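The following exercises are to be worked with the sequence and the three-dimensional structure at hand. Each task is followed by a solution in steps.

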Amino acid sequence: MIKIHTNGVFLSGGSRIIDADCNAEAQLRNLHGKAVSIEEAKKGTISYSILKHHNRSSGMDKLQITFDALASHDITYVGIIQTAKASGLEKFPVPYVLTNCHNSLCAVGGTINEDDHMFGLSAAKKYGGIYVPPHLAVIHMYMREMMAGCGKMILGSDSHTRYGALGTMAIGEGGGELVKQLLCNTYDINYPRVVAVYLTGAPRPGVGPQDVALAMIGAVFEKGTVKNSVMEFVGPGISSLPTDYRCGIDVMTTETACLSSIWETDEDTREFFEVHGRPEDYAPLHPAGVAYYDGLIEVDLSSIKPMIALPFHPSNVYEIDTLNQNAGDILREAERQTQAALKGLRLTDKIKNGRLQVEQGVIAGCAGGTYTNVMAAASILRRHSIGNGEFSLSVYPSSQPVMLELVKNGAISELMQAGATVRSAFCGPCFGAGDVPANGALSIRHTTRNFPNREGSKPSGNQAAGVALMDARSIAATALHGGLLTPATELDEVKYDHSGYYFDQKPYHNRVYNGFGKPDPAAELKYGPNIIDWPKINPMPEHLLLKVVSFITDPVTTTDELIPSGETSSYRSNPLGLAEFTLSRRDPLYVAKAKTVQAMEKERAGGHVPEELRVVFAEIQAAEIVGIHTENTGLGSVIYAVKPGDGSAREQAASCQRVLGGAANIAREYATKRYRSNLINWGMVPFVLEEPPLFENGSYLLVPYIRDAILSGTSSIQAYLVGNPFQPFTMRVAELTPDEKRILLAGCLINFNRQNRS
C-alpha cells in the first residue's frame, strides 16, 4: 500500500502524521503543550540541518552549497577537468574521486578509453585526486564504502549519486556544477521541497529493494509528486531493512525525478560504518519532535509484491503476479506504447503458457550488484541450473571487496555452477555497453534504467530490443525457470543465506591512488589523441534569431535520446566527435540541420549574409522591430521538446547541441533541474512555452533584446515567429541566479570563469 499526501503534513514524535489543516495547531498543542508554526517545524527535518550546515548564503531561502566530496566516472571526468583547467584550476579543493566503471571495455574505440583513464590518473596526481582503476568498483559502491558519512553532502556527475541511506545528502548534476565546486564556487538553488517517505512494516521473503523502489516510482513519477524535492525516509519500517537493502531503494530515487534523498540512521547504519572501518562517519540522524514536510508518501513494506517495469521507463510498473494473470492485455498495451519509440519489439510473441518468456537476465551495478542482492540470487540458484537454452544470466558484483567476500563465502561458486557468468564491477549493462541482447529480445535487469536503446541496440541498423527492470531475487527465480517470468515469492523453501559481510579493503589499499591533499603542479596531464579541448563559444548576442531544427512532441524526451549512451561514450572526451551522435536515435537529421545553421551564422559573423538569412532579415525589417539588424543579431539552432531531460545527469546532452551552434531549448517544462542547469552552464537559454507552439520544424524565431531580458530577470520574454504573417508569442525563463545570468551572457561557464579570472 502506497498512500500519497500531496499537501503539507506535520510528523510528531517521528511516528504520528498530522495533516497541516485547521486542526493541526490544536493537535500539536495537545501533544507538545505549545503551538508550532510551519516555518519553525520546517527546521525539524533532517534535510534542513544538513542543508544549513553546508549553506554559505546569509539565509535559507536562496542556498549556496559547498560539498564535502565530489565524484565522477570516466564518461564525465575528462570534460570536467578540461573545463576547470581552462578556467584556472590549480588543485582539487575537496576529495574528488575519479572512478573508471563506464568506459571499462577498452577494446571499444581502440585506445581511447584507456587514454581517458591515463588522463584521469595523471589529473589525480597533478591536482590531488583519488583515482579508482577500471574493474575495481562502480562509482556509487566506492562512494558508499569509502566516502559517504552521516551529515555529509556529496556532488557527483552521475544522476544516480544517492547515498541517503548512509545519512549523506548526495546530488547528481552535470559536469558544470562540479567545475564550480572545483573552483571554490557554490551550488546555488532555492530551498527545495522536502517530502517524507514514511515506511512501515517489513518486506516479505523474496521481495527486494528494487521491488520497493519500482512500486514507489510507479506511484509518484507521472504525478510529479517529488520532482526536484528531497525525499526524507522516516518511520518504523526502516529498522526492518538492512543498510545494504536501503541503499538499493535509495539509488533508485533518482527515477522519481527528485533532487536528493536522506534517511534516518540507526544501529544498522552504525554497523555498516564499523564494518567498513569508518566508525567516526556514523551519527544518529532523526527528525525533531515536530517536523513539517511539504508532502508525505506512506509505504507499507509488507504490502509490496515483486514488481516489473516494462519498457521504456522505470515508472511503467506492474506487479509480476498481475502481469502473469493478464499477460495478453498488459503486453498488448505495452507493445502499443513501445512501437511509438521503437518499432520491431514484439512483446506479445513472448507469451508462453500465459507467461512472459524473456531471453536474458542481468544483475549489475550500483542498484543490483550489491552484496545482499547477489547473495539472495545465489541462495535461489543454489544446486540448480538455469538451463542451456536461449536464456542467459550474468552477474556483476559492484566492487572488488564485494566480489572478494562472495568468493570467500562460496556465493560466486553457487552462481557459476548454476550457469550464470560472473563479471567484474562495471556499469555497462545499465547504459548499453555490456550484455547487449539479441535483436527482438527482452532482457530483465536489476539495474537503474530501461529507456529506449538503453540496452545497446541500434535502431539505425533495424535493431530492436528492450529491458524490463526487476529485482535480483525475481530475476534468479525467472532464471530457475529458464526465462519464464517468475516472482521470487512463488518459490517454496528458499533458505536465504544471510552470512555477515566482512569488508576487505586490500584491493583498494593496493590499487587506488589517493592523492588528495598532495597535488603535484609539476606533473603533466597525459593526453590521448581523442582528448580535444572545447571549441570557442561566443557570448550571447544582443538579439537572438533561432531556427527550429528538431521538433519533438513525445511526452518525455530522455537524455539518452538527446545524446545516446552505449558505445558513443567512448567519444565523450572529444566534444566535436561526440556531437556527431546528437539525437541520432531520435532525430537522425538533426546534426546536418544544426551544422547548416551553424555555417550560416559563421558567414553572418564574417560579414557575408547568406541568401536564406537575407530573406529572414527582410521580413524582420518589414515588421518594423526596432534595432534589429544583421550585425547585432546572432543566429543559433533550437530544439523544441515537450519535456526534455529525464534521466542521466550527463552534461553532453546540452554541450553537444552547443558545439553544433545550439542557442536554446524551448520546452513546456524541463524534466529535471539538472538538465536545465546543463543548458545554462553551456550558455543555452532554457525557454518555457506553456501554450501550443505557433511554429514548426524549420521555422525562424526572433527573440529581440535577449541580453537585456536575461540581465533584468524578466520572466516573460517577447518573441516572434518570423514569416507572413509575423506573429508575436510569449515565452518565459524561470528564475535565474545572478551567476546563471552572467553565465548565459558570457556564452558558457568556461567563458564566465575566464572573465572572472581575468
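**Exercise 1.** Which residues in helix 24 meet which residues in helix 25? Determine also how the two helices are oriented.

*Solution.* The model is a predicted one.
Step 1. Locate the helices: helix 24 covers residues 652-659, and helix 25 covers residues 673-681.
Step 2. List the meeting residues. Helix 24 contributes Ala 653, Ala 654 and Gln 657, which meet Tyr 675, Asn 678 and Leu 679 of helix 25.
Step 3. Consider the axes, which come within 8 Å and cross at roughly 30 degrees. Angles under 35 degrees count as roughly parallel. Helix 24 and helix 25 are therefore roughly parallel to each other.
Step 4. State the handedness: the crossing of helix 24 past helix 25 is right-handed.

**Exercise 2.** Decide whether Arg 604 is buried or exposed, and describe its surroundings.

*Solution.* Step 1. Arg 604 belongs to helix 22, residues 590-605.
Step 2. Buried means under 20% relative accessible area. Arg 604 has a relative accessible area of 12%, so this residue is buried.
Step 3. Examine the polar contact: the side chains of Arg 604 and Glu 601 make one at 2.8 Å.
Step 4. Beyond the neighbours within four places in sequence, Arg 604 is in contact with Pro 610, Leu 613, Thr 630, Glu 631, Thr 633, Gly 634 and Leu 635.

**Exercise 3.** Carry out a similar analysis for His 140 in helix 6.

*Solution.* Step 1. The relative accessibility of His 140 is 2%, so His 140 counts as buried.
Step 2. The side chain of His 140 reaches a backbone oxygen, that of His 160, at 3.3 Å.
Step 3. Not counting residues up to four places away in sequence, His 140 touches Asp 158, His 160, Thr 161, Tyr 163 and Cys 366.

**Exercise 4.** Describe helix 15, its two ends and its packing partners.

*Solution.* Step 1. Begin at the N-terminal end, which is capped by Ser 399: a side-chain oxygen lies 3.2 Å from the backbone nitrogen of Val 402.
Step 2. Within helix 15 (residues 400-408), the buried residues are Pro 401, Val 402, Met 403, Glu 405 and Leu 406.
Step 3. These buried residues pack against helix 6, helix 14, helix 16, strand 22 and helix 19.
Step 4. Just after the helix comes Gly 410, with a positive phi of about 90 degrees.

**Exercise 5.** How many of the ten residues of helix 4 are buried? Relate one of the buried residues to the largest nonpolar core.

*Solution.* Step 1. Eight of the ten residues of helix 4 (residues 77-86) are buried, and the helix is mostly covered. Among them are Tyr 77, Ile 80 and Ile 81.
Step 2. Tyr 77, Ile 80 and Ile 81 are also among the contacts of Tyr 96.
Step 3. Turn to the core. In the largest nonpolar core, of 174 residues, Tyr 96, Tyr 142 and Leu 393 touch the most other members. Helix 8 (residues 209-220) gives the most to this core, with eight residues.
Step 4. Apart from this core lies another, of 44 residues, including Leu 545 and Cys 656.

**Exercise 6.** How far apart are Val 733 and Val 685 in sequence and in space?

*Solution.* Step 1. Val 733 lies in the loop between strand 34 and helix 27.
Step 2. Val 733 and Val 685 are 48 residues apart in sequence, and their C-alpha atoms are 7.8 Å apart in space.
Step 3. Among the contacts of Val 733 are Val 685, Pro 686 and Phe 687.

Conventions:
Residues are numbered from 1 along each chain as its sequence is written. This is a predicted model: local features need pLDDT of at least 70, side-chain atom pairs count only at pLDDT 80 or more; totals for chains, interfaces and linings use all residues. Side-chain values use heavy atoms; hydrogens and water are left out. A nonpolar core is a set of buried Ala, Val, Leu, Ile, Met, Phe, Trp, Tyr and Cys residues joined through side-chain atoms within 4.5 Å. Buried means under 20% relative accessible area, exposed over 50%, partly exposed in between (1.4 Å probe, protein chains only). Helices (H or I, at least four residues) and strands (E, at least two) are DSSP runs, numbered from the N terminus. Contact means heavy atoms within 4.5 Å. A polar contact is a pair of N or O atoms within 3.5 Å; within protein, one must be able to donate a hydrogen and the other to accept it, and residues adjacent in sequence count only if both atoms are side-chain atoms. Axes are lines fitted to C-alpha atoms, for helices over the stretch in contact, and angles run from 0 to 180 degrees between N-to-C directions. Angles under 35 degrees count as roughly parallel, over 145 as roughly antiparallel, 65 to 115 as roughly perpendicular and the rest as oblique. A crossing is left-handed if the near helix is turned anticlockwise from the far one by less than a right angle, and right-handed if clockwise.
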